[in-house]
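Visitor: I am new to this structure and would be grateful for a close look at a single part. Please take the salt bridges as the starting point and follow them to the elements they touch.

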Amino acid sequence: MDIEWDAINHVTKVDPAKPLPADLAILRETDLIMVGGSDDVTAENTQQAVTSIREAVPSIPIVQEPYDSSHVSSETIDAVDRVAVPAVFNGDRDHFVAKHLDFFTEICRKPKAVTGASLPVVGEVIATKGREAVREVASVIMAEGYVIQNLDSKAATLTGVERTLSVEEVAGAALATEMFYNFPIFYIEYSGTYGGTEDVTAAEPYLEETVLLYGGGIRSREQTEQILAAGADAIVVGDCFHDDPDRFVRTIPG
Ligand code: 1GP
């Protein structure tokens with residue numbers, strides 16, 4: 001299913017290694033679901049979470065946000081609508097460049113092995129089919145320009161973030177995301193704490209095509225509405241979905 005970003009202002013981030021709330025119907029009012037995490041996440045539990053969510057809310061798009069290429073399999077790729085891969089502007093080299101090269105190298109490798117082994121054809125035909133398969137898989141992947149602004153978060157530790165960006169640098173990162181990197185998403189990440197509107201206000205003027213997401217510490221409708229009013233296209237709610245489903249429902253804008 002295509003992702004219609006204009007209709008999306010509430011995103012739920014689901015950690016497949018954590019238990020899902022008993023009643024998944026609470027997802028009915030969210031606009032998009034992202035599935036991803038780090039500790040104990042596997043391609044298998046990702047696929048299980050996606051299957052349960054798809055059954056409960058079939059019309060809501062699901063995006064996998066893998067932390068590691070081992071969380072992605074041909075099954076997970078088939079199960080989701082898109083795969084979003086963070087490129088962390090203030091992270092270490094691994095999390096802006098190296099992991100992505102490894103990920104795409106892995107994608108190039110797999111279909112070649114499959115088509116080469118099973119098809120009764122030789123030479124250029126195999127190579128062409130391999131290239132087509134690679135391009136098809138790659139076409140579901142999209143990059144997110146990420147800025148991690150909470151140094152105490154797991155996300156900051158994992159990606160080697162040692163310094164948050166100033167408001168001016170957030171504006172620069174937004175402009176670069178749209179005009180230089182051409183990533184479809186710019187994500188301001190305060191994971192675990194509410195960061196307020198300042199960064200969103202700084203980034204928003206430079207993003208015309210790029211979707212602006214804010215995530216971190218959203219626990220109420222007022223916070224959701226503040227961030228949307230500051231210019232974010234959508235807010236992302238994570239922990240609260242697992243920890244306090246009643247409160248989660250109250251983050252959905254009116
Ligand atoms: C985490 O941005 C999301 O990647 C949401 O943050 O868990 O604090 O809601 P919270």
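Guide: Lys-13, Glu-65 and Glu-189 are linked in a network of salt bridges. The model is a predicted one, and every distance given here is computed from it. Within this network, the side chains of Lys-13 and Glu-189 form a salt bridge with 3.8 Å from N to O. Lys-13 belongs to strand S1 (residues 10-14) and Glu-189 to strand S6, so their contact ties together parts that lie 176 residues apart in sequence. Lys-13 and Glu-189 are both buried.

Strand S6, which holds Glu-189, leads to a neighbouring element. S6 (residues 185-189) and S7 run parallel and are joined by five bridges. One residue pair shows this pairing: Phe-186 has Leu-212 in S7 as its bridge partner. Strand S7 is largely enclosed by the rest of the structure, because five of its five residues are buried. In a regular strand, side chains alternate between the two faces of the sheet. In S7, Val-211, Leu-213 and Gly-215 point one way, while Leu-212 and Tyr-214 point the other way; all of them are buried.

The loop between helix H7 (198-203) and strand S7 (211-215) contains Glu-204. Glu-204 counts as partly exposed, because its relative accessibility is 34%, and buried would require under 20%. Together with Asp-2, Glu-4, Asp-6 and Asp-233, Glu-204 forms a negative surface patch.

To return to the salt bridges, the count in this model comes to eight. Among them is the one between Asp-81 and Arg-54, whose closest N and O atoms are 3.2 Å apart. This pair links distant parts of the chain, 27 residues apart: Asp-81 is in the loop between helix H2 (74-79) and strand S4 (82-88), and Arg-54 is in helix H1 (residues 43-56). With a relative accessible area of 11%, Asp-81 is buried, whereas Arg-54, at 21% relative accessibility, counts as partly exposed.

A further salt bridge brings together the side chains of Arg-247 and Asp-244, with 3.4 Å from N to O. Arg-247 is partly exposed, with a relative accessible area of 33%. Asp-244 also counts as partly exposed, at 30% relative accessibility. The salt bridges described here thus include a pair with both residues buried, Lys-13 and Glu-189, and a pair made of Arg-247, which is partly exposed, and Asp-244, which is partly exposed.

Definitions and conventions: Residues numbered from 1 in each chain as written. Predicted model: local features only at pLDDT ≥ 70, side-chain atom pairs only at ≥ 80, totals over all residues. Heavy atoms only, no water. Patch = residues over 30% accessible without salt bridge, like charges linked within 9 Å, V, L, I, M, F, W, Y side chains within 5 Å. Areas by Shrake-Rupley, 256 points an atom, 1.4 Å probe, with all protein chains shown as cover. Salt bridge = Lys/Arg side-chain N within 4 Å of Asp/Glu carboxyl O. Lys, Arg positive; Asp, Glu negative; His and termini not counted. Charge placed at Lys NZ, Arg CZ, Asp CG, Glu CD. Helix = DSSP H or I, 4+ residues; strand = E, 2+ residues; numbered from the N terminus. Buried < 20%, exposed > 50% of the residue type's maximum accessible area, 1.4 Å probe, protein only. Pairing = 2+ DSSP bridges.
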